Amino acid sequence: MNIKAFGALAATVPLEQLNIQRREVSSNDVQIEILYCGICHSDLHAVHNDWGGSIYPIVPGHEIVGRISKVGGSVTKFKVGDLAGVGCIVDSCRECEHCHEGEEQCCEKGWTVVFNAPDNKHGGTTYGGVSENIVVDENYVVHIPETLDLPSAAPILCAGITVYSILSYRSRFFYRNSK
């Protein structure tokens with residue numbers, strides 16, 4: 001599907017309106033109408049190719065909050081109308097020990113980030129949340145409570161998840177190794 005986004009065509013140009021292609025919703029996917037998307041410093045580094053390897057055009061944004069607008073036939077965790085969020089990771093091998101323990105950030109075969117990464121499962125390159133919508137496997141989407149201030153909730157999907165992730169991983173690591 002063809003949607004509007006804001007991205008850069010090269011490291012030295014400002015963001016501009018682009019039309020990008022999103023995949024169609026498959027059986028385990030949800031489509032999210034993006035309401036808010038934060039931009040953090042790593043987005044800017046990627047847009048400006050400060051770390052090398054940026055793929056253009058690039059559409060940044062990994063702090064995504066929105067409303068589910070479509071669900072695939074096998075989706076069980078979400079329904080149309082739910083508030084949802086997407087952070088940095090949108091896929092992993094799902095086979096290694098880390099993935100089975102909910103530690104996709106430590107995936108032995110690597111993971112796919114929400115933007116500027118090869119999409120090994122669906123082809124092409126991933127595009128971020130500075131766009132109208134996004135299609136993501138339900139396993140990489142979180143529920144956002146209706147009571148949260150949505151613009152304030154978006155940054156939690158980067159800094160908040162980063163802190164939670166390492167604390168969660170460390171506590172499981174120490175628990176396993178204390179037996």
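A residue is called buried when its relative accessible area is under 20%, exposed when it is over 50%, and partly exposed in between. By that definition, buried residues account for 43% of the 179 residues in this protein. The model on display is predicted.

**The whole chain**

Begin with the entire protein in cartoon view. Four helices and nine strands are present. Followed from the N terminus, the elements come in the order β-β-β-α-β-β-β-α-β-β-β-α-α. Switch to a surface view: about 9500 Å² is exposed, and carbon and sulfur atoms supply 56% of that area. Of the contacts between residues at least 6 apart in sequence, 65% join residues at least 24 apart.

**The five-stranded sheet**

Next, select strands 8, 3, 4, 5 and 9. These five strands form an open sheet in the order 8-3-4-5-9, with antiparallel pairing. Strand 8 and strand 9 (142-143) stand at the edges, and each has a single partner strand, so one side of each lacks a neighbour in the sheet. Strands of a sheet pair through backbone hydrogen bonds, in either a parallel or an antiparallel sense.

Narrow the selection to strand 3, residues 29-38. Toward strand 8 (residues 133-137), strand 3 is joined by five bridges and runs antiparallel. Toward strand 4 (residues 63-71), the pairing of strand 3 is also antiparallel and extends over eight bridges.

Which residues flank Val-30 in strands 8 and 4? In strand 8, the bridge partner is Val-136; in strand 4, Val-71 stands opposite Val-30. Move along strand 3 to Cys-37, whose bridge partner in strand 4 is Ile-64.

**Glu-63**

Now select Glu-63, which lies in strand 4. Glu-63 is buried but has no salt bridge, and Arg-22, the nearest side chain of opposite charge, is 15 Å away. Display the contacts of Glu-63, leaving out residues up to four places away in sequence: Tyr-36, Cys-37, Gly-38, Ile-39, Cys-40, Val-86, Ala-154, Pro-155, Leu-157 and Cys-158.

**The cysteines**

Show the cysteine side chains. How many disulfides are counted here? The count is zero. A disulfide is a covalent bond between the sulfur atoms of two cysteines, and the rule applied here requires the two sulfur atoms to be within 2.5 Å.

Two cysteines illustrate the result. The sulfur of Cys-37 has its closest cysteine sulfur in Cys-40, at 9.6 Å, which is too far for a bond. Cys-37 is partly exposed, because its relative accessibility is 24%. Then select Cys-107 and Cys-93: the sulfur of Cys-93 is the closest cysteine sulfur to that of Cys-107, yet the distance of 3.5 Å is too far for a bond. Cys-107 counts as buried because its relative accessibility is 8%.

**Asp-43**

For the last stop, select helix 1 (residues 41-47), where Asp-43 is located. Is Asp-43 buried or exposed? Its relative accessibility is 0%, so Asp-43 counts as buried. Beyond its neighbours within four places in sequence, Asp-43 is in contact with Gly-38, Pro-60, Gly-61, His-62 and Phe-115. Finally, draw a distance from Asp-43 to Phe-115: these residues are 72 apart along the chain, and their C-alpha atoms are separated by 9.0 Å.

Note on methods
Residues numbered from 1 in each chain as written. Predicted model: local features only at pLDDT ≥ 70, side-chain atom pairs only at ≥ 80, totals over all residues. Heavy atoms only, no water. Pairing = 2+ DSSP bridges. Helix = DSSP H or I, 4+ residues; strand = E, 2+ residues; numbered from the N terminus. Buried < 20%, exposed > 50% of the residue type's maximum accessible area, 1.4 Å probe, protein only. Lys, Arg positive; Asp, Glu negative; His and termini not counted. Salt bridge = Lys/Arg side-chain N within 4 Å of Asp/Glu carboxyl O. Contact = heavy atoms within 4.5 Å. Areas by Shrake-Rupley, 256 points an atom, 1.4 Å probe, with all protein chains shown as cover.
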